Amino acid sequence: MSEEPLLKVEGLTTEFTTDNGTLTAVDGIDFEINRGETLCLVGESGSGKTVASESITRIVPTPPGEVSGSVVFDGQEITAMSESELRGIRGGRVAHVFQNPQDALNHCYTVGWQIVEAIQTHDPDVTKQEARERAIELLSDVGVANAAARLDDYPHEFSGGQKQRVMIAMALVTNPDLLIADEPTTALDVTVQAQILNLLEDIQDKYDMSILFVTHDLGVVAGIADEVVVMYAGKVMERGGVHEIFDNPSHPYTRALLECLPGKARSAEGIPGSLPSPINPPDGCRFAPRCDYAVEECRAGDQPPEEPLSENHAVSCVHYQQGYDPSVVRGEATQGDDATAGGVTSD
Ligand SMILES: Nc1ncnc2c1ncn2[C@@H]1O[C@H](COP(=O)(O)OP(=O)(O)OP(=O)(O)O)[C@@H](O)[C@H]1O
Ligand code: NI
């Protein structure tokens, strides 16, 4: 019998009431995160990754947002919890790290003061002295050199990468089971990015956490993910283990994202076209309007059901359904087929 996942999300849907109508940012997505594992939620800007990750503990603003579906965290249905019960989980067993550490740190207080404050808020029985010692330990754990001395420095005395380390230290205060990191390296330069990714891997082991890593950059996914969920316009396009996704990318959207990585065919321009309106999404596969391989069936009904490709790999694409030929979307020439794979745009 396999161990129950730490997080099990089913039919997660988040809608916003706007002046122009109801905007569905996340439209019935499912995923699971196993203990000690990292799941990457990846997709272009506006796909609904942030909203999905913030809907788990409902830190998404409600209203105007409304979250539905099931979120089971460590065996407990948390969607049914009251605001006050949820507060115990957020910033506790589930911690968040965001893209811009400067927005989250208070400029007026030393970094040490802020960590001590977080420690004492979490556990009022901890003395100031104990909290300071713990803060030094945390800062060392996240790789801040001379942690004891740096405690009395203000945020502006830290570089961007160091500030992100401080934010990670703050997230670790409660010894969370799940760390949700939303584009934590996007604002950093490439070398620092790599250091922060390594840090996350190190502390994941030390603190025995699961990580939900949100990014628009498939390039960072390979190094950190165990599992990958590719999102587009509020829906899941493809999911699988990191090897399945990189060695056998199957949805035209995933394949297009890979083509946009540095050094690849579309690295300069990105995927042509733009996301559909989340207020009035197209019928059929959400990606069909931008897909080189869309046929009539791709433009009708709902998002196609996920077709299993292997034990840990599934794709929501008509071309993988029975009666269709997936080689068309995979750029593999089919025998006796004169249609050019890689091809014809239908609009
Ligand atoms: N508070 C809100 N009110 C109304 N619409 C919102 C709100 N927050 C997000 N949205 C909309 O929800 C959709 C998904 O946004 P989200 O921020 O989750 O995308 P994302 O995948 O995280 O993109 P990025 O890579 O840019 O961070 C977008 O269309 C966005 O405009
Ligand atoms: Ni986002």
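**β1 and β4.** I began with the pairing of β1 and strand β4 (residues 65-73) in this predicted model. The two strands run antiparallel and are joined by 8 bridges. I looked for a facing pair and noted Thr13 opposite Ser68 in β4.

**The sheet around them.** I then traced the sheet to which these strands belong. It is open, has 4 strands in the order β2-β1-β4-β5, and its pairing is antiparallel. I marked β2 and β5 (76-77) as the edges; each has a single partner strand, so one side of each lacks a neighbour in the sheet.

**The loop before β4.** I checked the peptide bonds in the loop between α1 and β4, where Pro63 and Pro64 both lie. The bond from Thr62 to Pro63 is cis, with omega near -10°. The bond from Pro63 to Pro64 is also cis, with omega near 10°.

**Ligand 1.** I listed the surroundings of ligand 1 next. There are 16 residues around ligand 1, and those that come nearest are Ala25, Ser45, Lys49, Thr50 and Val51. Which elements supply at least two residues of the shell each? I found β1 (7-18), β2 (21-33) and α1 (49-55). The largest share comes from α1, with 3 residues. By class I recorded 7 nonpolar, 8 polar and 1 charged in the shell.

**Ser45.** I took one of the nearest residues, Ser45, and placed it in the loop between β3 (38-42) and α1. Is Ser45 buried or exposed? Ser45 counts as exposed, because it has 10 C-beta neighbours inside 10 Å and the limit for that class is 12 or fewer. I also took its separation from Asn198: the two are 153 residues apart in sequence and 24 Å apart in space, C-alpha to C-alpha.

**Domains.** I looked up the division of the protein chain. Domain 1 covers 1-93 + 177-280, and domain 2 covers 104-173. Their C-alpha centres lie 27 Å apart. The contact between them takes 11 residues from domain 1 and 10 residues from domain 2. Which element gives the most to the side of domain 1 that touches domain 2? I noted helix α8 (residues 190-207), with 7 residues. By class, that side of domain 1 has 9 nonpolar, 1 polar and 1 charged residues.

**The second sheet.** I followed another open sheet, this one of 8 strands in the order β6-β7-β8-β3-β9-β10-β12-β11, with mixed pairing. Its edge strands are β6 (94-97) and β11 (307-310), each of which pairs on one side only. I noted the turn between neighbouring strands of this sheet as 20° on average, direction ignored.

**β6 in detail.** I checked what β6 pairs with and found strand β7 (residues 178-182), in the parallel sense, over 4 bridges. His96 stands opposite Ile180 in β7. Side chains in a regular strand alternate between the two faces of the sheet. I then compared the directions in β6: Val94 and His96 point one way, and Ala95 and Val97 point the other way. All four named residues are buried.

**β9, β10 and the loop between them.** I counted 6 bridges between β9 and β10, which pair in the antiparallel sense. Val228 stands opposite Gly240 in β10. The loop between β9 and β10 holds Ala233. Phi of Ala233 is near 50°, a positive value in a residue other than glycine. I found Ala233 buried, because 27 other C-beta atoms lie within 10 Å and the class begins at 20 or more.

**Asn175.** I looked for a positive phi elsewhere and noted Asn175, a residue other than glycine with phi near 50°. Asn175 lies in the loop between α7 (160-172) and β7. With 12 C-beta neighbours inside 10 Å, Asn175 counts as exposed.

**Helix α11.** My last entry is on helix α11 (residues 252-259), where Pro252, Tyr253, Thr254, Ala256 and Leu257 are buried. What covers these buried residues of α11? The cover includes α9 (218-224), β9 (227-232), β10 (235-241) and α10 (242-247).

Notes
Residues numbered from 1 in each chain as written. Chains lettered and ligands numbered in written order. Predicted model: local features only at pLDDT ≥ 70, side-chain atom pairs only at ≥ 80, totals over all residues. Domains from an automatic or database assignment. Contact = placed C-beta atoms within 7 Å. Nonpolar A, V, L, I, M, F, W, Y, C, P; charged D, E, K, R; others polar. Near = placed C-beta within 6 Å. Pairing = 2+ DSSP bridges. Axes fitted to C-alpha atoms, helices over the stretch in contact; angles between N-to-C directions.
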